[in-house]
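Work through the exercises below with the model open. Try each task before reading its solution.

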Amino acid sequence: MVAAALAVLRKDLLVEFRTRFALAAIGMFALTTLVAVSFAVGLGMTEAVQAALLWVVLYFAALSGLTRGFVAEEDGRTADALRLAADGTAVFWGKLVFNLLLLAALAVLLVPGFAVLMGARVAAPGLLVAALAAGCFGLTAALTFTAALVAQARSRGALGAVVSFPLVAPLLKLSIDATQAAMVGNAQGWGTVTTVAALGGIVTIVAVLLFDSVWTA
């Protein structure tokens, strides 16, 4: 299973290296949204608003790019070949790691720009990194699973947002709280990060258990 998952990951990385579609999509969306928000609201925002805006940009950028993985397989008519080449669990892990790498790259590029444009100050950098890591992992797991769930539907974009929201909403709320705690230096944010990580783990386990039935349906 590990070899098959790595093969799926390698395939997606090669395709992305050649086309740069997903990274360009999420990068341009995040950049456009960030610049527009900075022009509209300026520098006078509270830490709570800054944390919420950061995760809103991350979520919608991820929604625009990460869900393309399974859609591209269906559109390119390679999904059936992938089903024959690897079992569902290996496909899920390969896609999950690929999407996680994309979202991590986005976060590395987005957060410094966000801090500069929004005038955000971080009192606890380590807590911020932990909040971003836990939140991005849970967000990636939820979006990877729901992308496979709606890949064969006609209204994929709207349906993907609707289906993923019940899974993503609690993750976003807790990630925003943890990020706000990092900005103000509240050590209680570490407990929130633990909760985010646990919730992301639960989403991942459920996705692994259900993915075979979703992928082969």
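The exercises go from the whole chain down to single residues.

This is a predicted model, where local features need pLDDT of at least 70 and side-chain atom pairs count only at pLDDT 80 or more, while totals for chains, interfaces and linings use all residues. Residues are numbered from 1 along each chain as its sequence is written, and side-chain values use heavy atoms, with hydrogens and water left out.

**Exercise 1. Count the helices and strands in the chain.**

Step 1. Apply the DSSP rule: helices are runs of H or I of at least four residues, strands are runs of E of at least two, and both are numbered from the N terminus.
Step 2. Count: the chain has nine helices and zero strands.
Step 3. Write the order along the sequence: α-α-α-α-α-α-α-α-α.

**Exercise 2. Test the chain against the radius of gyration of a compact globule.**

Step 1. Take the radius over C-alpha atoms; the globule rule is 2.2 Å times the number of residues to the power 0.38.
Step 2. For 217 residues, the rule gives a value near 17 Å.
Step 3. The chain has 17 Å, so it agrees with the rule.
Step 4. Add the box: along the principal axes, the C-alpha atoms fill roughly 55 × 35 × 30 Å.
Step 5. Add burial: 44% of the 217 residues count as buried (under 20% relative accessible area; exposed is over 50%, partly exposed in between; 1.4 Å probe, protein chains only).

**Exercise 3. Check the span of helix α3.**

Step 1. The expected span is 1.5 Å times one less than the number of residues.
Step 2. Helix α3 covers residues 47–65, which is 19 residues, so 27 Å is expected.
Step 3. Its end C-alpha atoms lie 27 Å apart, in agreement.
Step 4. List buried residues of α3: among them are Leu53, Leu54, Trp55, Val57 and Leu58.

**Exercise 4. Is Lys95 buried or exposed?**

Step 1. Locate Lys95: it sits in helix α6, residues 88–118.
Step 2. Its relative accessibility is 2%, so Lys95 counts as buried.
Step 3. Find its contacts (heavy atoms within 4.5 Å). Leaving out residues up to four places away in sequence, Lys95 touches Val8, Lys11, Asp12, Gly69, Phe70, Glu73, Leu82 and Thr144.

**Exercise 5. Where does Thr46 lie?**

Step 1. Thr46 is in the loop between α2 (21–41) and α3.
Step 2. With a relative accessible area of 45%, Thr46 is partly exposed.
Step 3. Compare Thr46 with Met183: they are 137 residues apart in sequence, and their C-alpha atoms are 10.0 Å apart in space.
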